[in-house]
Amino acid sequence: MTTSQPAPLSLPVDDWPGWLDAQLADRLAEVRSTLDQLRDGTGRDTAAVLELWNDADIALREADSLAGLLTEVHPDADLRTLAERHAQEVDRIRTDRGLDRGLYDAVAASDPAGLDPQAQRMREHVLRDFRRSGVDRDDETRNRLRAISERLTVLDQDFSRLTREDVREIRIAPERLAGLPQDFIDAHPAGDDGLVAINTDYPDYLPFRTFAQDAQARRELAIEFLNRGWPKADDVLHEMFDLRHEKAQLLGYDSWPAYDSEVKMVGTSEAIAAFIDKLADAARTSSERDRDVLLERLRRDDPQADGFDSSQVAYYTELVRREDYDVDAQEVRRYFDFAQVRQGLLDVTGRLFGVTYRAVDVATWHPDVTGYDVVDAEGVTRGRIYLDLHPRDGKYKHAAQFDLVGGITGRRLPEGVLVCNFSRGLMEHQHVVTLFHEFGHLVHHVLAGDQHWSRFSGVATEWDFVEAPSQMLEEWAWDANVLRTFARDADGTPIPAELVARMRAAKDFGKGVFVRNQLYYTAVSYLLHRDRPADLTAAVRELQQRYDVVRYLDGTHFHTSFGHLGGYSSAYYTYLWSLVIAKDLFSAFDADDLLASDAATRYRERILAPGGSKDAADLVEDFLGRPFTFDAFAAWLDEQPVSRN
């Protein structure tokens with residue numbers, strides 16, 4: 001990368017609507033102008049054709065990133081609505097491009113002879129996209145595909161909005177907060193009616209389900225949490241599944257999963273089903289062992305219990321870890337002050353990947369947002385990141401990395417945004433792990449931003465690989481030497497290594513339950529798309545009984561707030577598929593010195609920096625020196641936790 005870098009995008013101080021309108025107008029005008037050139041009949045060599053396509057890709061991606069991000073994070077509801085309308089326009093242009101025979105002819109007629117490998121790969125991907133868009137279908141079919149794509153964009157926005165804006169609460173007497181941390185209690189005073197409001201946002205929901213001793217209160221909140229989006233989102237999902245299925249069949253595929261999986265590592269719908277069955281078998285012993293321990297502990301409080309549901313599993317997992325492994329999450333959390341954790345994350349990843357993060361005082365969409373330039377060892381700015389880490393009304397409710405600008409060598413500085421919902425004070429260690437995970441996506445986006453082709457810039461690998469680098473980075477949030485660099489209590493005392501050792505032992509308890517729970521989510525994602533049942537709630541209930549060790553909670557509708565049914569569609573299996581790879585990648589690091597530079601440098605250069613310029617399987621083989629295997633994951637799953645009892 002050259003030392004003369006492009007300037008980062010300048011965000012507005014005010015008049016966000018005017019700024020967004022102008023940004024989208026400029027970029028979409030560039031897209032239209034560039035595509036007009038491609039179809040104007042001028043004779044061009046292949047390199048020129050691909051360069052024009054790349055120019056359009058860059059502008060279209062930037063328009064999409066701006067509209068998509070602001071839809072999820074801007075505090076003004078009117079601005080979010082405006083961004084949604086722009087996102088619909090972006091998708092219309094993308095759909096039209098994929099169905100445009102004139103554009104297809106321009107690319108298909110180009111001669112691949114003499115292209116370098118990256119340009120050849122680019123051309124192949126463009127032609128594959130045309131085929132999967134339906135460019136070769138008749139006019140009637142292409143018009144129907146266009147209408148389906150436009151409607152799916154609206155449905156995806158509707159589904160996201162229903163989940164994002166449906167924040168529910170319970171109101172309970174103050175004494176029902178027994179068991180919760182004192183800082184949580186202090187932050188939740190009673191209202192004028194003498195009751196305390198607890199809502200379904202994560203900073204309330206996760207501590208409450210973990211620590212609240214009042215079983216009925218936990219149940220009440222869990223029901224509200226699992227009913228977000230109901231009933232409106234149920235109708236949205238039915239239409240979404242039906243339209244995706246129709247699109248797949250119009251394009252010659254048996255089902256949406258068959259269409260969607262074709263361009264992923266897994267390859268086929270049948271391979272997803274086989275993967276689910278393989279993991280269900282692999283996790284059976286571990287999950288049944290965990291289940292028996294949890295049930296035994298539950299029966300001390302309820303001798304008649306014969307199972308546990310979503311309102312019980314986190315609470316009793318915490319009790320077992322406290323009583324059998326001497327790990328009290330309330331003791332642990334006092335070492336994880338948010339500000340210290342945020343700085344520690346930057347220090348650790350900076351050292352690991354050979355960069356520093358320089359705070360920048362720039363305009364953002366909310367005062368909570370902090371910006372940093374990412375600078376390499378030579379003093380070259382490699383990108384810019386924004387951290388938007390606290391909840392607010394109308395904001396995206398989960399944790400994710402969003403693109404702001406895709407990096408292009410010499411033309412665009414990569415910029416990304418981390419969007420999470422953490423407390424402002426003490427953090428659960430679970431949230432620390434989540435922060436490391438999501439930051440893995442962010443650093444991947446930046447470090448893979450030195451690409452000529454927009455198509456390969458950033459987190460641009462096959463979709464079922466994208467979680468692997470983030471899942472692997474979670475390991476650093478469990479390492480005693482790493483944690484001691486930033487995890488300190490109010491007196492400045494670092495977290496004891498002995499406590500971290502107990503935490504690691506306790507972490508291993510429950511991994512079988514975790515994998516089975518993820519298999520349940522995976523099955524919901526896959527089978528609701530493949531089978532499109534008439535009664536989604538009944539199907540989800542049956543899938544939980546089949547794959548999860550946690551029982552269905554009567555009166556709930558989990559699927560209506562399962563946000564991954566939007567963006568991930570039928571591919572939630574990605575998380576477990578990537579975890580298999582992540583465990584194998586981590587085996588190449590020195591567990592006694594996770595900050596050692598040799599493996600980290602090789603990992604940065606061979607896994608992160610290439611972006612999508614190679615197939616994911618080849619990236620992994622380049623790093624490990626062999627194809628990835630199931631062995632490390634199986635060994636992790638089979639390893640029995642050792643309690644102090």
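Here a trainee and a mentor talk through a predicted model.

Trainee: What makes helix 12 and helix 13 roughly perpendicular to each other?

Mentor: Helix 12 (residues 269-301) and helix 13 (residues 313-325) pack at an angle of about 95°. Angles of 65 to 115 degrees count as roughly perpendicular, so the two helices earn that description. Their axes are 10 Å apart.

Trainee: Which residues meet there?

Mentor: From helix 12, V293, L294, R297, L298, R300 and D301 take part, and they meet V313, Y316, T317, L319, V320, E323 and D324 of helix 13. By class, that contact has 7 nonpolar, 1 polar and 5 charged residues.

Trainee: How do you know that the length of helix 10 agrees with its number of residues?

Mentor: Helix 10 (residues 232-250) has 19 residues, which at 1.5 Å a residue should span 27 Å; the end C-alpha atoms are 28 Å apart, so the two values agree. Just after helix 10, G252 takes a positive phi of about 95°.

Trainee: Why are A233 and F241 called buried residues of helix 10?

Mentor: Buried means under 20% relative accessible area, and both residues are on the buried list for helix 10, which also includes D234, R244 and K247. The buried residues of helix 10 pack against helix 6 (139-165) and helix 20 (511-531), among others.

Trainee: What does the largest nonpolar core contain?

Mentor: That core has 148 residues, and those with the most contacts inside it include F208, W476 and L585. Leaving aside residues up to four places away in sequence, L585 touches A468, M472, Y603, I607, V620, F623 and L624. A second, separate core of 48 residues includes V49, A56, V90 and L115.

How values were computed: Residues numbered from 1 in each chain as written. Predicted model: local features only at pLDDT ≥ 70, side-chain atom pairs only at ≥ 80, totals over all residues. Heavy atoms only, no water. Core = buried A, V, L, I, M, F, W, Y, C linked by side-chain atoms within 4.5 Å. Buried < 20%, exposed > 50% of the residue type's maximum accessible area, 1.4 Å probe, protein only. Contact = heavy atoms within 4.5 Å. Helix = DSSP H or I, 4+ residues; strand = E, 2+ residues; numbered from the N terminus. Expected span 1.5 Å × (residues − 1). Axes fitted to C-alpha atoms, helices over the stretch in contact; angles between N-to-C directions. Parallel < 35°, antiparallel > 145°, perpendicular 65-115°, else oblique. Nonpolar A, V, L, I, M, F, W, Y, C, P; charged D, E, K, R; others polar.
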